[in-house]
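Please open the model in your viewer and keep the sequence panel visible beside it. The tour proceeds by selections, each followed by a short account of what is found there.

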Amino acid sequence: MFTQKPNRGRTFHVTQYLSLIYVIFITSWFILWLTAGDKSWWMTALNTIVPCLFLPTLLLLFLSIRFRSFKVVFQLLIPVLIFGMLYFPYLFPRTTKTNENTNLSVITYNALYRNTNYDNVAQVILTYQPDFVTFQEITPVTMEQLKQRLGGVYPYSIMGQKNSY
């Protein structure tokens, strides 16, 4: 004889309909986001709360498993896959291994404000080849001379401002 399925009640049917509406909404949003992006104000506003849009997935998955509605579970795999595509790189970042030396070398050099032997100062820096160079007691003239001598190796520089105290 045939056995009837147990009466799952109104909550089951509401869960099915809500799941279907939710899956259609998330899928439509995703397609629209892929094609239009943030071109309109309402998409921009909606995109600010995107992680929250996926919260109902957990509740609907729980209810569909509780009611043993595997059709709904398979429907809800669509939002799960979309969430995975969007946030997988952030949840599981890649680690990179390098064979290079990853140490950062820093040298600090007290140039003595009256020192005019710019070639020797530059030679000391080039001998040690640090990644980062800092100077103390350096004048604007000395800084310009060292920029000329070290600019090819160290293209970025900044000169501190005179203190007001």
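Select Leu112, which lies in the loop between strand 1 (106–110) and helix 6 (118–128). The model is a predicted one, and in it Leu112 has a positive phi of about 60 degrees although it is not a glycine. Most residues other than glycine have a negative phi. Is Leu112 buried or exposed? Leu112 is partly exposed, its relative accessible area being 36%.

Continue along the chain to Gln129, in the loop between helix 6 and strand 2 (132–136). Gln129 is not a glycine either, and its phi is positive, near 45 degrees. With a relative accessibility of 59%, Gln129 counts as exposed.

Next, display helix 1 (residues 9–36) together with helix 5 (residues 70–91). Two packed helices are described by the angle between their axes and the distance between the axes. Here the axes come within 9 Å and cross at roughly 30 degrees. Helix 1 and helix 5 are therefore roughly parallel to each other, and their crossing is left-handed.

To view the contact itself, show the side chains on both helices. On helix 1, the residues to select include Gln16, Leu20, Val23, Ile26, Trp29, Phe30 and Trp33. On helix 5, the residues that they meet include Val72, Gln75, Leu76, Ile78, Pro79, Ile82 and Met85. By class, the contact of helix 1 with helix 5 has 14 nonpolar, four polar and no charged residues.

Keep helix 1 on display and add helix 4 (residues 55–66). The axes of helix 1 and helix 4 come within 10 Å and cross at roughly 145 degrees. This crossing, too, is left-handed. Which residues of helix 1 meet helix 4? They are Thr15, Leu18, Ser19 and Tyr22, and in helix 4 they meet Pro56, Thr57, Leu60, Leu63 and Ser64. The contact of helix 1 with helix 4 divides into five nonpolar, four polar and no charged residues. Ser19 and Tyr22 of helix 1 also take part in the contact with helix 5.

Finally, select the whole chain. Its secondary structure comprises seven helices and two strands, running from the N terminus as α-α-α-α-α-β-α-β-α. The radius of gyration is 32 Å, well over the 15 Å that the globule rule gives for 165 residues, so the chain is more spread out than a compact globule. Along its principal axes, the C-alpha trace spans about 105 × 40 × 35 Å. Of the 165 residues, 27% count as buried.

Methods. Residues are numbered from 1 along each chain as its sequence is written. This is a predicted model: local features need pLDDT of at least 70, side-chain atom pairs count only at pLDDT 80 or more; totals for chains, interfaces and linings use all residues. Side-chain values use heavy atoms; hydrogens and water are left out. Axes are lines fitted to C-alpha atoms, for helices over the stretch in contact, and angles run from 0 to 180 degrees between N-to-C directions. Helices (H or I, at least four residues) and strands (E, at least two) are DSSP runs, numbered from the N terminus. Angles under 35 degrees count as roughly parallel, over 145 as roughly antiparallel, 65 to 115 as roughly perpendicular and the rest as oblique. A crossing is left-handed if the near helix is turned anticlockwise from the far one by less than a right angle, and right-handed if clockwise. Contact means heavy atoms within 4.5 Å. Ala, Val, Leu, Ile, Met, Phe, Trp, Tyr, Cys and Pro count as nonpolar, Asp, Glu, Lys and Arg as charged, and the others, Gly among them, as polar. Buried means under 20% relative accessible area, exposed over 50%, partly exposed in between (1.4 Å probe, protein chains only). The radius of gyration is taken over C-alpha atoms; the globule rule is 2.2 Å times the number of residues to the power 0.38.
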